[in-house]
Amino acid sequence: MRESFMNILGIETSCDETGVAWVQAAPGGVPRLVAQALHSQVDLHESYGGVVPELASRDHIRRVLPLAQQVLRNGGGSWGDIDLIAYTAGPGLAGALLVGAGVAAGLAAGLGRPAAPVHHLEGHLLSPFLGDESPTFPFVALLVSGGHTQLLDVEGVGRYRLLGESVDDAAGEAFDKAAKLLGLGYPGGPALSSLAQAGDAARYALPRPLLHSGDLDFSFSGLKTAVLTQVRRLGAQATAQDRADLAAATQAAIVDVLVAKAAAALASTGRRELVVAGGVGANRLLRDRLVQAGARRGAQVRFPPAALCTDNGAMIALAAAMRWQRGLLANDSTGSFSVRPRWPLEEASAALP
Ligand code: KG4
Ligand code: ZN
């Protein structure tokens, strides 16, 4: 019976998390997560206030194989069970991507199995399929990560149409930069949103860039400037309450724009389902407000399981599994590999590089 299943090991090393996971897929149905392991580099980069690419690459090298062994152990299997090695080929940090791609190619050659490149954002946008209730195609996807803010019309696996995106900073970047201005640690999103809990969002009027632009694009760099202006105005006298209020106002401004544009994307496409993915999708206020906005227009809103919002290996193995089920997988059986640090998702639509 085992022959009818595909056992995929997914490797994610595009930024500051080393993720490895084992996903099992039958020819039909939703693939199943067998086991996963993750190592976050937050402690490594914290004192620098952001990701240091060279340190990231070196740490991925150290972590990836022990994590893979842990995954096999936790899944009750061994290398012989793995049929395919999937790895993030982009977008991301070039050196970090090369670690995952090189390890995947080496493992594939050693095992006599193929390796397959995966688009990081495709992993994010399919990750809600690992939740309790799977989305149904077609749907609108709101991808909100540290590097990307995009709205996509998703007709099926590999069928993605970009509806709008950030013209400057990503939503996660806006959280991170505002958090830095408020003296919070890296990554800023979770820190800013927890400080915001004690704050009054109405106290500071911050801009909602492009809210009424009539299209589905975003812009967040002006918001950072507005936060900087307030921080300077408060100066050294800023109280804990001032900082909490400013954090709450920042979060509200980002969330207002994301919610309004996601609702407009549902309206313009006529889709009845919204899938939210990427690190900022872990934000509680954003989740609550999107669910309310969806309910108002009779649309389902789906999220990945909370632990799979940020980067992980499970979403990479899952994307490869869903492509395999549809005959859309690009296999690297030549032993060579390449990465694409910049790689628009639409270019991954039909086939991978
Ligand atoms: O998807 P992700 O893990 O990595 C990228 O592919 O970029 O997203 C990371 C981003 C960071 O900017 C982080 O601050 C943000 O997601 N983030 C959050 C929350 N958790 C993570 N932003 C707001 N609220 C959160 N709870
Ligand atoms: Zn990501």
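These are my notes on some aromatic pairs and one histidine in a predicted model.

**Entry 1, aromatic pairs.** I searched for ring pairs and got a count of four aromatic pairs. I looked first at F129 and F137, which form a tilted pair. Their centres are 5.3 Å apart, and the planes make an angle of 35°. Planes count as stacked under 30 degrees and as edge-to-face over 60, so the F129 and F137 pair falls under tilted.

I then took F137 with F139. This pair is stacked, at 5.2 Å centre to centre, with 15° between the planes. I noted F129, F137 and F139 together as one aromatic cluster.

**Entry 2, accessibility in the cluster.** Which of these rings are buried, and which partly exposed? I found F129 at a relative accessible area of 6%, so F129 is buried because the cut-off is under 20%. F139 is also buried, at 0% relative accessibility. F137 comes out at 24%, so I list F137 as partly exposed. F137 is the residue that pairs with F129 and with F139.

**Entry 3, H120.** I looked up where H120 sits and placed it in helix 4, which runs over residues 120-126. Is H120 buried or exposed? H120 has a relative accessible area of 6% and is buried.

What does H120 touch, leaving out residues up to four places away in sequence? I listed E12, S14, T88, G90, P91, D311, M315 and I316. The buried H120 therefore has both E12 and D311 among its contacts.

Note on methods. Residues numbered from 1 in each chain as written. Chains lettered and ligands numbered in written order. Predicted model: local features only at pLDDT ≥ 70, side-chain atom pairs only at ≥ 80, totals over all residues. Heavy atoms only, no water. Phe/Tyr/Trp six-rings, centres within 6.5 Å; stacked < 30°, edge-to-face > 60°. Buried < 20%, exposed > 50% of the residue type's maximum accessible area, 1.4 Å probe, protein only. Helix = DSSP H or I, 4+ residues; strand = E, 2+ residues; numbered from the N terminus. Contact = heavy atoms within 4.5 Å.
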